[in-house]
Amino acid sequence: MAGLVPPGTSSDACKPAHSKADEKTDYMNLPCPIPYEELHREALMSLKPETFEGLRFDFTKGLNQKFSLSHSVFMGPTEIPSQSAETIKIPTAHYEFGANFIDPNLMLIGRVLTDGRLNARLKWDLSDNFTVKANAQLSNEPHMSHGMFNFDYKGKDFRSQFQMGNGALFGASYIQSITQHLSLGGEVFWAGQHRKSGIGYAARYETDKMVATGQVANTGIVALSYVQKVSDKVSLATDLMYNYMSRDVTASVGYDYILRQCRLRGKIDSNGCTTSYLEERLNMGLNFILSAEIDHRKKDYKFGFGFTVG
C-alpha cells in the first residue's frame, strides 16, 4: 500500500521538479571552443577529401615508440596554368622521404622531395595552455619559400592565437564560448609585403547531432557550413561560399559514411563537380585508397588509386 499513489495525485507530481536554475547556462563552467582555424573541420572532412590523380604509395616504418621514417611515391599528371578553358596536364613523378618524431609534448615532422622542396613542421606544448607551432617550406623556385610561426593559448572557455610569417605577415584570432553550444570569434591580419589588411568574424553552434558555422570577412568572403550527424557512422554536410566582391557563389552537399572496414566520402557542388573518396582497410596496417573526381564543365576527369602501409 505504501507504493500506491494517493487519490487525486497524478504520477507526474511524484517526479522531481527541475528548477529554472538547472536550465540556465552556467557561465562559469563553459566548454573550451575549438581553434578558430578549425571552425569548419567537420564539414571539411566530408566535403574536402584529399583527392589525387594517378598512383600513390605511402609506407611508414616505426623505429621505436617516438621515431619513424616514411617513404612516399607519386606518379600522375600535374596541371599547368593555361589561358584556354581546357585543362593542360603533364606527366610527373616524385619521391618523398620523411622523418617523424612524436612525443606527448613535442612533434617534429620533416619531408624532402626529389624536386628540391623541403617541408618542416613543429608543434611544441610548452604547458597545458601554451603551444608553439612552426611551418616552413624551402624551394629552388624564387619566391616560393616561406615560414610561419603560431603561438596558441588555450584558456578555460576561450582560445587565442598570434601568427607571424615572412613577407611581414601578422595575424591574430580569438574565439570565446558564449553558451554551452555557441561560440563567437574574430580575426585580424596584416600582409605588409602586399599592403593588405583584413578583419573577420565567425560564429559556431554545436550540439551532439549538428554543427552550424558562419564566417564573414571584409575581403569579400562569406562561408557557411552545416553538418548533420545522422548516426555515429553517417554524417551529411553542406556548405556555401560567396564572394561579394566578384559575385562568385558555390554550394556543395556531401556525405561521410564510416563502415567496419572502410570509410566513404563524397560530394557534388553547384558547378557540376562530383567527388568520391574511398579508404578500405585490407589488413592491419594496410589500406587501399580510391579517388575520383568528375568536372563536366571543365571536361576534367581524375582517377587515382594507392596503398598506405604502416
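1. Let me start in the middle of the sheet: Gln-137 has His-146 of β7 as its bridge partner. Strands here, like helices, are DSSP runs numbered from the N terminus (E, at least two residues, for strands; H or I, at least four, for helices). Before you go further, note that this is a predicted model, where local features need pLDDT of at least 70 and side-chain atom pairs count only at pLDDT 80 or more, while totals for chains, interfaces and linings use all residues. Residues are numbered from 1 along each chain as its sequence is written, and side-chain values use heavy atoms, with hydrogens and water left out.

2. Back to that pairing. β6 (residues 130-138) and β7 (residues 146-154) run antiparallel and are joined by eight bridges; to call two strands paired, DSSP has to find at least two bridges between them. Ala-136 is another residue to look at here, with Gly-147 in β7 as its bridge partner.

3. On the other side of the pairing list, β6 also goes with β5 (residues 118-125), again in the antiparallel sense and over eight bridges. Leu-122 is bridged to Ala-134 in β6. The β5-β6 connection is a hairpin with four residues between the strands.

4. β7 carries on to β8 (residues 158-165): seven bridges, antiparallel. Asn-150 finds its bridge partner in Gln-163 of β8, and the hairpin that joins the two strands does so through three residues.

5. Two backbone angles deserve a look. Most residues other than glycine have a negative phi. His-143 is not a glycine, yet its phi is positive, about 65°. His-143 sits in the loop between β6 and β7 and is exposed, at 82% relative accessible area (exposed is over 50%, buried under 20%, partly exposed in between, with a 1.4 Å probe and protein chains only). Lys-299, also not a glycine, has a positive phi of about 55°. You'll find Lys-299 in the loop between β18 and β19 (300-309), exposed with a relative accessible area of 67%.

6. For an exposed loop residue elsewhere, try Asp-208, between β11 (196-206) and β12 (210-217). Asp-208 counts as exposed at 72% relative accessibility. Its C-alpha is 33 Å from that of Asn-135, with the two positions 73 residues apart along the chain.

7. Is Ser-252 buried or exposed? Buried, with a relative accessible area of 6%. Ser-252 belongs to β15 (residues 248-258). Its side chain makes a polar contact with the side chain of Asp-239 at 2.2 Å (N or O atoms within 3.5 Å; within protein, one able to donate a hydrogen and the other to accept it, and sequence-adjacent residues counting only if both atoms are side-chain atoms). Beyond neighbours within four places in sequence, the contacts of Ser-252 (heavy atoms within 4.5 Å) include Leu-47, Lys-267 and Asp-269.

8. Finally, the largest pocket holds about 560 Å³ of space. Of its 24 lining residues, Pro-49, Glu-50, Arg-56, Arg-265 and Tyr-277 are the closest to the centre. A pocket is an open set of points on a 1 Å grid over the protein atoms alone, where a 1.4 Å probe fits and protein lies on both sides within 12 Å along at least five of seven lines; lining residues have an atom within 4 Å of a point. The elements giving two or more residues to the lining include α2 (41-47), β1 (54-62) and β17 (273-283).

Note on methods: Grid points are joined across faces, edges and corners, and a volume is the space filled by probe spheres set on the points.
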